[in-house]
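Work through these exercises with the model open beside you. Try each task before you read its solution.

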Amino acid sequence: MEGSHLTLQAPVRIVSGAFLSRRALASLSVGAFLVGVMSGLAPSLGAVSLAGTVYLAAALAVSLALAKTGTACGVNVLGYLSRAQSPLLTRACDATAYAVASAATATLIGLALSAAGTALGADRVVAATVPILAYLGAKELGITPTRHVASRSWQVPQDWVKDRRVGPLIWGVCLGSGFATWMPFPSYFGLITLAFLLPFPNGGALLGLYGAARAAPAVVTSITGGRYIHAINDRMWPIVLYGHITAGCLSFALAGALASFAVR
(Lines give C-alpha, C1' and ligand atoms only; values in the text may rest on other atoms or scores of the structure.)
Protein backbone atom coordinates (compact mmCIF):
# COMPACT_ATOMS: atom_id res chain seq x y z
CA MET A 1 0.00 0.00 0.00
CA GLU A 2 2.98 2.27 0.66
CA GLY A 3 3.64 2.95 -3.02
CA SER A 4 0.15 2.63 -4.39
CA HIS A 5 -0.60 6.33 -3.87
CA LEU A 6 2.01 7.21 -6.49
CA THR A 7 -0.26 5.85 -9.23
CA LEU A 8 -2.87 8.48 -8.31
CA GLN A 9 -0.71 11.34 -9.56
CA ALA A 10 -1.94 10.99 -13.17
CA PRO A 11 -3.79 14.05 -14.47
CA VAL A 12 -7.50 14.34 -13.90
CA ARG A 13 -8.10 14.31 -17.62
CA ILE A 14 -7.12 10.60 -17.79
CA VAL A 15 -10.45 9.78 -16.20
CA SER A 16 -12.34 12.93 -17.13
CA GLY A 17 -11.24 12.60 -20.75
CA ALA A 18 -14.01 10.08 -21.22
CA PHE A 19 -16.60 12.83 -20.77
CA LEU A 20 -14.74 16.16 -20.37
CA SER A 21 -12.27 17.65 -22.84
CA ARG A 22 -9.78 20.33 -21.85
CA ARG A 23 -12.17 22.88 -23.35
CA ALA A 24 -15.03 21.49 -21.28
CA LEU A 25 -12.91 21.67 -18.13
CA ALA A 26 -12.05 25.28 -18.92
CA SER A 27 -15.75 26.07 -19.43
CA LEU A 28 -16.52 24.35 -16.13
CA SER A 29 -13.95 26.49 -14.35
CA VAL A 30 -15.35 29.71 -15.86
CA GLY A 31 -18.86 28.70 -14.83
CA ALA A 32 -17.70 27.97 -11.28
CA PHE A 33 -15.93 31.34 -11.14
CA LEU A 34 -19.11 33.15 -12.20
CA VAL A 35 -21.15 31.25 -9.62
CA GLY A 36 -18.66 32.45 -7.02
CA VAL A 37 -18.98 36.04 -8.21
CA MET A 38 -22.75 35.84 -7.89
CA SER A 39 -22.51 34.26 -4.42
CA GLY A 40 -20.30 37.13 -3.33
CA LEU A 41 -22.49 39.89 -4.76
CA ALA A 42 -26.04 38.62 -4.38
CA PRO A 43 -28.57 39.22 -3.12
CA SER A 44 -27.11 42.31 -1.49
CA LEU A 45 -23.99 43.57 0.24
CA GLY A 46 -23.52 42.36 3.78
CA ALA A 47 -23.94 39.20 5.79
CA VAL A 48 -25.81 37.19 3.15
CA SER A 49 -23.11 37.56 0.52
CA LEU A 50 -20.44 36.78 3.10
CA ALA A 51 -22.37 33.66 4.10
CA GLY A 52 -22.25 32.41 0.51
CA THR A 53 -18.45 32.66 0.53
CA VAL A 54 -18.27 30.91 3.90
CA TYR A 55 -20.38 28.05 2.56
CA LEU A 56 -18.06 27.66 -0.43
CA ALA A 57 -15.01 27.55 1.86
CA ALA A 58 -16.70 24.98 4.10
CA ALA A 59 -17.62 22.87 1.07
CA LEU A 60 -14.00 22.95 -0.11
CA ALA A 61 -12.77 21.83 3.33
CA VAL A 62 -15.21 18.91 3.47
CA SER A 63 -14.67 17.79 -0.13
CA LEU A 64 -10.88 17.75 0.28
CA ALA A 65 -11.13 15.85 3.56
CA LEU A 66 -13.43 13.18 2.15
CA ALA A 67 -11.39 12.82 -1.03
CA LYS A 68 -8.29 12.10 1.07
CA THR A 69 -10.03 8.87 2.12
CA GLY A 70 -9.10 7.48 -1.29
CA THR A 71 -5.35 7.89 -0.74
CA ALA A 72 -3.01 5.34 0.84
CA CYS A 73 -3.03 6.87 4.32
CA GLY A 74 -6.80 7.23 4.17
CA VAL A 75 -7.36 3.54 3.47
CA ASN A 76 -4.67 2.49 5.94
CA VAL A 77 -6.33 4.24 8.88
CA LEU A 78 -9.67 2.68 7.96
CA GLY A 79 -8.16 -0.78 8.34
CA TYR A 80 -6.38 0.18 11.54
CA LEU A 81 -9.53 1.40 13.28
CA SER A 82 -11.91 -1.25 11.93
CA ARG A 83 -10.48 -4.53 13.18
CA ALA A 84 -13.52 -6.78 13.36
CA GLN A 85 -12.08 -8.85 16.21
CA SER A 86 -12.04 -5.81 18.51
CA PRO A 87 -15.16 -5.15 20.63
CA LEU A 88 -17.46 -2.39 19.44
CA LEU A 89 -16.68 -0.25 22.51
CA THR A 90 -12.94 -0.48 21.82
CA ARG A 91 -13.42 0.47 18.18
CA ALA A 92 -15.68 3.37 19.16
CA CYS A 93 -13.14 4.68 21.69
CA ASP A 94 -10.30 4.41 19.16
CA ALA A 95 -12.36 6.18 16.49
CA THR A 96 -13.32 8.94 18.93
CA ALA A 97 -9.69 9.50 19.94
CA TYR A 98 -8.68 9.64 16.28
CA ALA A 99 -11.46 12.09 15.41
CA VAL A 100 -10.69 14.39 18.35
CA ALA A 101 -6.96 14.39 17.57
CA SER A 102 -7.61 15.06 13.88
CA ALA A 103 -10.02 17.93 14.49
CA ALA A 104 -7.90 19.44 17.29
CA THR A 105 -4.68 19.34 15.24
CA ALA A 106 -6.32 20.98 12.24
CA THR A 107 -7.98 23.59 14.47
CA LEU A 108 -4.69 24.55 16.11
CA ILE A 109 -3.03 24.98 12.72
CA GLY A 110 -5.95 27.09 11.54
CA LEU A 111 -5.83 29.24 14.68
CA ALA A 112 -2.11 29.84 14.22
CA LEU A 113 -2.59 30.83 10.57
CA SER A 114 -5.57 33.03 11.38
CA ALA A 115 -3.73 34.76 14.22
CA ALA A 116 -0.73 35.43 11.98
CA GLY A 117 -2.92 36.73 9.18
CA THR A 118 -4.88 39.01 11.50
CA ALA A 119 -1.68 40.41 13.00
CA LEU A 120 -0.23 41.07 9.54
CA GLY A 121 -3.43 42.59 8.15
CA ALA A 122 -3.97 39.84 5.58
CA ASP A 123 -7.51 41.08 4.90
CA ARG A 124 -5.95 43.94 2.93
CA VAL A 125 -4.55 41.57 0.28
CA VAL A 126 -7.70 39.64 -0.58
CA ALA A 127 -7.30 40.58 -4.26
CA ALA A 128 -3.94 38.78 -4.39
CA THR A 129 -5.65 35.56 -3.31
CA VAL A 130 -7.93 35.49 -6.37
CA PRO A 131 -5.24 34.46 -8.90
CA ILE A 132 -3.77 32.02 -6.37
CA LEU A 133 -7.07 30.18 -5.97
CA ALA A 134 -7.71 30.25 -9.72
CA TYR A 135 -4.25 28.83 -10.41
CA LEU A 136 -4.69 26.07 -7.85
CA GLY A 137 -8.12 25.30 -9.30
CA ALA A 138 -6.59 25.01 -12.78
CA LYS A 139 -3.96 22.62 -11.45
CA GLU A 140 -6.65 20.63 -9.67
CA LEU A 141 -8.68 20.18 -12.85
CA GLY A 142 -5.66 19.31 -14.98
CA ILE A 143 -6.00 22.42 -17.15
CA THR A 144 -2.39 23.45 -16.56
CA PRO A 145 0.47 21.41 -18.10
CA THR A 146 1.36 19.84 -14.76
CA ARG A 147 -0.51 18.97 -11.59
CA HIS A 148 2.57 18.32 -9.47
CA VAL A 149 2.15 19.36 -5.85
CA ALA A 150 5.12 20.01 -3.58
CA SER A 151 4.12 17.45 -0.97
CA ARG A 152 5.71 14.73 1.11
CA SER A 153 5.24 11.09 0.09
CA TRP A 154 5.73 10.03 3.72
CA GLN A 155 3.23 7.63 5.30
CA VAL A 156 2.65 6.91 9.02
CA PRO A 157 5.13 4.12 9.95
CA GLN A 158 3.52 0.94 11.23
CA ASP A 159 5.80 0.90 14.25
CA TRP A 160 4.41 4.25 15.38
CA VAL A 161 0.87 2.93 15.77
CA LYS A 162 1.45 -0.50 17.30
CA ASP A 163 0.38 0.73 20.72
CA ARG A 164 -3.42 0.78 20.60
CA ARG A 165 -3.55 3.39 23.37
CA VAL A 166 -1.68 6.09 21.47
CA GLY A 167 -2.00 4.80 17.90
CA PRO A 168 -5.34 6.54 17.15
CA LEU A 169 -3.94 9.82 18.50
CA ILE A 170 -0.85 9.54 16.28
CA TRP A 171 -3.05 8.85 13.26
CA GLY A 172 -5.19 11.86 14.14
CA VAL A 173 -2.29 14.27 14.54
CA CYS A 174 -0.57 13.15 11.33
CA LEU A 175 -3.65 13.01 9.10
CA GLY A 176 -5.51 15.92 10.65
CA SER A 177 -2.59 18.24 9.92
CA GLY A 178 -3.26 17.86 6.19
CA PHE A 179 0.36 18.11 5.09
CA ALA A 180 2.26 15.57 7.23
CA THR A 181 1.44 12.82 4.70
CA TRP A 182 1.05 12.92 0.93
CA MET A 183 -1.33 15.68 -0.23
CA PRO A 184 -2.26 15.25 -3.92
CA PHE A 185 -4.80 18.11 -3.95
CA PRO A 186 -3.40 21.56 -4.88
CA SER A 187 -6.56 23.20 -3.52
CA TYR A 188 -5.57 22.24 0.02
CA PHE A 189 -3.01 25.03 -0.12
CA GLY A 190 -5.82 27.36 -1.15
CA LEU A 191 -7.65 26.25 1.99
CA ILE A 192 -4.54 27.10 4.02
CA THR A 193 -4.47 30.52 2.35
CA LEU A 194 -8.10 31.12 3.28
CA ALA A 195 -7.39 30.21 6.91
CA PHE A 196 -4.63 32.83 6.86
CA LEU A 197 -6.99 35.47 5.43
CA LEU A 198 -9.86 34.86 7.83
CA PRO A 199 -9.97 37.02 10.95
CA PHE A 200 -9.03 35.23 14.14
CA PRO A 201 -10.35 32.70 15.21
CA ASN A 202 -12.31 31.83 12.05
CA GLY A 203 -9.34 30.15 10.40
CA GLY A 204 -9.38 27.60 13.22
CA ALA A 205 -13.03 26.82 12.52
CA LEU A 206 -12.36 26.30 8.80
CA LEU A 207 -9.46 23.90 9.25
CA GLY A 208 -11.18 22.30 12.24
CA LEU A 209 -14.00 21.40 9.87
CA TYR A 210 -11.43 19.81 7.56
CA GLY A 211 -10.00 17.76 10.44
CA ALA A 212 -13.42 16.58 11.56
CA ALA A 213 -14.50 15.62 8.04
CA ARG A 214 -11.15 13.89 7.51
CA ALA A 215 -11.95 11.55 10.39
CA ALA A 216 -15.64 10.97 9.57
CA PRO A 217 -15.19 8.01 7.13
CA ALA A 218 -12.92 6.21 9.60
CA VAL A 219 -15.42 6.70 12.42
CA VAL A 220 -18.22 5.21 10.30
CA THR A 221 -16.19 2.21 9.10
CA SER A 222 -14.83 1.60 12.60
CA ILE A 223 -18.25 1.50 14.23
CA THR A 224 -19.59 -0.76 11.48
CA GLY A 225 -16.66 -3.17 11.79
CA GLY A 226 -15.06 -2.29 8.48
CA ARG A 227 -18.14 -3.00 6.41
CA TYR A 228 -17.30 -0.36 3.79
CA ILE A 229 -13.51 -0.69 3.59
CA HIS A 230 -13.47 -2.97 0.55
CA ALA A 231 -15.89 -0.71 -1.31
CA ILE A 232 -13.69 2.32 -0.58
CA ASN A 233 -10.53 0.43 -1.49
CA ASP A 234 -12.03 -0.63 -4.83
CA ARG A 235 -12.97 2.99 -5.59
CA MET A 236 -9.75 4.79 -4.66
CA TRP A 237 -9.33 6.19 -8.18
CA PRO A 238 -12.87 7.62 -8.49
CA ILE A 239 -12.79 9.03 -4.95
CA VAL A 240 -9.56 10.92 -5.57
CA LEU A 241 -10.32 11.98 -9.12
CA TYR A 242 -13.82 13.24 -8.41
CA GLY A 243 -12.27 14.98 -5.42
CA HIS A 244 -9.96 16.81 -7.85
CA ILE A 245 -12.90 17.93 -9.96
CA THR A 246 -15.01 19.06 -6.99
CA ALA A 247 -12.13 20.87 -5.29
CA GLY A 248 -11.09 22.50 -8.56
CA CYS A 249 -14.57 23.89 -9.18
CA LEU A 250 -14.87 25.12 -5.60
CA SER A 251 -11.47 26.83 -5.85
CA PHE A 252 -12.65 28.74 -8.93
CA ALA A 253 -15.92 29.60 -7.19
CA LEU A 254 -14.04 30.95 -4.18
CA ALA A 255 -11.78 32.95 -6.48
CA GLY A 256 -14.90 34.53 -7.98
CA ALA A 257 -16.43 35.21 -4.58
CA LEU A 258 -13.25 36.90 -3.29
CA ALA A 259 -12.98 38.87 -6.54
CA SER A 260 -16.45 40.27 -5.92
CA PHE A 261 -15.37 41.43 -2.45
CA ALA A 262 -12.16 42.92 -3.79
CA VAL A 263 -13.90 45.17 -6.33
CA ARG A 264 -16.47 46.64 -3.93
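**Exercise 1. Find the aromatic cluster.**
Task: Identify which residues join Tyr188 in one aromatic cluster.

Solution. Keep in mind that this is a predicted model.
- Step 1: The cluster is made up of Tyr188, Phe189 and Tyr210.
- Step 2: Count the aromatic pairs in the structure. There are three aromatic pairs.
- Step 3: Look at one of them, Tyr80 with Trp171. Their ring centres lie 5.9 Å apart, and the planes make an angle of 50 degrees. Stacked needs under 30 degrees and edge-to-face over 60, so this pair is tilted.
- Step 4: Place the two rings. Tyr80 sits in helix α4 (residues 72-81) and Trp171 in helix α7 (residues 167-176), so the pair links parts that are 91 residues apart in sequence. Both Tyr80 and Trp171 are buried.
- Step 5: Turn to Tyr188 and Tyr210. This pair is also tilted, at 5.4 Å centre to centre and 55 degrees between the planes.
- Step 6: Tyr188 belongs to helix α8 (residues 187-197) and Tyr210 to helix α9 (residues 202-223), so the pair ties together parts 22 residues apart in sequence.
- Step 7: Check burial. The cut-off is under 20% relative accessible area. Tyr188 has 1%, so Tyr188 is buried. Tyr210 has 1% and is buried too.

**Exercise 2. Describe how α8 and α9 pack.**
Task: Decide whether α8 and α9 are roughly parallel or roughly antiparallel.

Solution.
- Step 1: Choose the two quantities. Packed helices are described by the angle between their axes and the distance between the axes.
- Step 2: Read them off. The axes of α8 and α9 come within 8 Å and cross at roughly 150 degrees.
- Step 3: Apply the cut-off. Angles over 145 degrees count as roughly antiparallel. The two helices are therefore roughly antiparallel to each other.
- Step 4: List the residues that meet. From α8 come Tyr188, Leu191, Ile192, Leu194 and Ala195; from α9 come Gly203, Leu206, Leu207 and Tyr210.
- Step 5: Follow Ala195 to another helix. Its C-alpha atom is 9.0 Å from that of Ala112, although 83 residues separate them along the chain. Ala112 lies in helix α5 (residues 88-120). At 46% relative accessibility, Ala112 is partly exposed.

**Exercise 3. Judge how enclosed α7 is.**
Task: State how many of the ten residues of α7 are buried, and which helices they pack against.

Solution.
- Step 1: Seven of the ten are buried, so α7 is largely enclosed by the rest of the structure.
- Step 2: Name them: Gly167, Pro168, Trp171, Gly172, Cys174, Leu175 and Gly176.
- Step 3: Find the partners. These buried residues pack against α4, α5 and α9.
- Step 4: Look just past the helix. Gly178 has a positive phi of about 90 degrees.

**Exercise 4. Check the span of α6.**
Task: Compare the span of α6 with the expected value.

Solution.
- Step 1: α6 covers residues 126-141, which is 16 residues.
- Step 2: From first C-alpha to last, α6 reaches 23 Å. That is close to the 22 Å expected at 1.5 Å a residue.
- Step 3: Note its buried residues, among them Val126, Val130, Leu133 and Leu141.
- Step 4: Gly142 follows α6, with a positive phi near 80 degrees.

**Exercise 5. Look for disulfides.**
Task: Say how many disulfides the whole structure holds.

Solution.
- Step 1: The search finds zero.
- Step 2: Compare two cysteines by exposure. Cys93 is partly exposed at 46% relative accessibility. Cys249 is buried, at 17%.

Technical notes:
Residues numbered from 1 in each chain as written. Predicted model: local features only at pLDDT ≥ 70, side-chain atom pairs only at ≥ 80, totals over all residues. Heavy atoms only, no water. Phe/Tyr/Trp six-rings, centres within 6.5 Å; stacked < 30°, edge-to-face > 60°. Helix = DSSP H or I, 4+ residues; strand = E, 2+ residues; numbered from the N terminus. Buried < 20%, exposed > 50% of the residue type's maximum accessible area, 1.4 Å probe, protein only. Disulfide = S-S within 2.5 Å. Expected span 1.5 Å × (residues − 1). Axes fitted to C-alpha atoms, helices over the stretch in contact; angles between N-to-C directions. Parallel < 35°, antiparallel > 145°, perpendicular 65-115°, else oblique. Contact = heavy atoms within 4.5 Å.
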